[in-house]
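Here are a few notes to read alongside the model. Have the structure open and follow the points in order.

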Amino acid sequence: MTTPVKPKDRVLVALDTPDTDKAVALSRQLAGHVGGIKLGLEFFNAAGPDGVRKVVRAGPEETPRGEAPAQQRLFLDLKFHDIPNTVAGAVRSVMPLGPSILNVHAGGGPAMMKAALDAANFEAEQLGTVRPMLIAVTVLTSLDDADLSAVGQAGPSKDQAVRLAGLARKAGLDGVVCSSKEIAAIRAECGPDFKLIVPGIRPAGAALGDQKRVMTPSEAIAEGADFIVIGRPITGAENPAGAAKAIADELGGA
């Protein structure tokens, strides 16, 4: 029997900061309130692998006596995009950090995605660990149809996202990062078991920032997202844990 997924476990929080101490503090505040944390290029380029280890090992602010703090689930959002051999090497290099989710750009093509998957499988076997969920970025949520046209990519953005998702599935990847606006179309193309991780999520009334294709948390889950990525509406709140709980409560009541 499949264990039901708790609403909070669908929420991945983007810790978009170059400051290790700030990221550690947020990780501690949010431990137990969300499904995991996302660390991306801004943090990784500033703090490196050692910074990642500090953040994921930061336990909750209060841990029962005698219990070791649980390690945070990590979405390592580095969006690898290079020739297949280089991407394979990059995947092998970050596997010791223990990511639960790792991503590449689908635009790198089938050979690159397959090389990333082979490298993740090989390194997981060498380390004696479970391979992370390997997913591909389709079309960045900061881009719209005009942006795609400007760089010479065929639009509309939904068609391009579906096209790239299909390539990722054929390459053997576990899922994709996509806009909430493409969930239904990608589900139809790739099936119910293909994982969809959706950024660009904004609670009702929140500022859009640099996102152009957005949806509320409950709308995205209702559409069929497996995980939603939320940053500033949680990390910028006066009480991040409270903001995360409010979103989980919204998902639970949807």
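1. Start with Lys 79, which sits in strand S3. This is a predicted model, and in it Lys 79 shows a positive phi of about 50° even though it is not a glycine. For background, most residues other than glycine have a negative phi. As for its surroundings, Lys 79 counts as partly exposed because its relative accessibility is 26%, with partly exposed running between the 20% and 50% cut-offs.

2. Next, have a look at helix H3, residues 84–94. Which of its residues are buried? They are Val 87, Ala 88, Ala 90, Val 91 and Val 94. If you look down the axis of H3, these buried residues fall within an arc of 160°, so they line one face of the helix. Turned away from that buried side is a face with the exposed residues Asn 85 and Ser 93.

3. What do the buried residues of H3 pack against? Their partners are two helices, H2 (41–56) and H4 (110–127), along with two strands, S3 (74–80) and S4 (101–105). Strand S3 is the one that holds Lys 79 from point 1.

4. Now the pairing of H3 with H4. Two packed helices are described by the angle between their axes and the distance between the axes. For H3 and H4, the angle is about 30° and the axes are 8 Å apart. An angle under 35 degrees counts as roughly parallel, so H3 is roughly parallel to H4. The crossing of H3 past H4 is right-handed.

5. Who makes that contact? From H3 come Pro 84, Val 87, Ala 88, Val 91 and Arg 92. H4 brings Ala 111, Met 112, Ala 115, Ala 116, Ala 119, Ala 120 and Glu 123. Sorted by type, the contact of H3 with H4 has ten nonpolar residues, two charged ones and no polar ones. Val 87, Ala 88 and Val 91 are worth finding again here, as they are also among the buried residues of H3.

6. Last, helix H1 (residues 20–30) against H2. Their axes lie 10 Å apart and the packing angle is about 45°, which makes H1 oblique to H2. H1 passes H2 in a right-handed crossing. On the H1 side, the contact involves Thr 20, Ala 23, Val 24 and Ser 27; on the H2 side, Phe 43, Ala 47, Gly 51, Lys 54 and Val 55. By type, the contact of H1 with H2 splits into five nonpolar, three polar and one charged.

Conventions:
Residues are numbered from 1 along each chain as its sequence is written. This is a predicted model: local features need pLDDT of at least 70, side-chain atom pairs count only at pLDDT 80 or more; totals for chains, interfaces and linings use all residues. Side-chain values use heavy atoms; hydrogens and water are left out. Buried means under 20% relative accessible area, exposed over 50%, partly exposed in between (1.4 Å probe, protein chains only). Helices (H or I, at least four residues) and strands (E, at least two) are DSSP runs, numbered from the N terminus. The arc is that of the directions from the helix axis to the C-beta atoms. Contact means heavy atoms within 4.5 Å. Axes are lines fitted to C-alpha atoms, for helices over the stretch in contact, and angles run from 0 to 180 degrees between N-to-C directions. Angles under 35 degrees count as roughly parallel, over 145 as roughly antiparallel, 65 to 115 as roughly perpendicular and the rest as oblique. A crossing is left-handed if the near helix is turned anticlockwise from the far one by less than a right angle, and right-handed if clockwise. Ala, Val, Leu, Ile, Met, Phe, Trp, Tyr, Cys and Pro count as nonpolar, Asp, Glu, Lys and Arg as charged, and the others, Gly among them, as polar.
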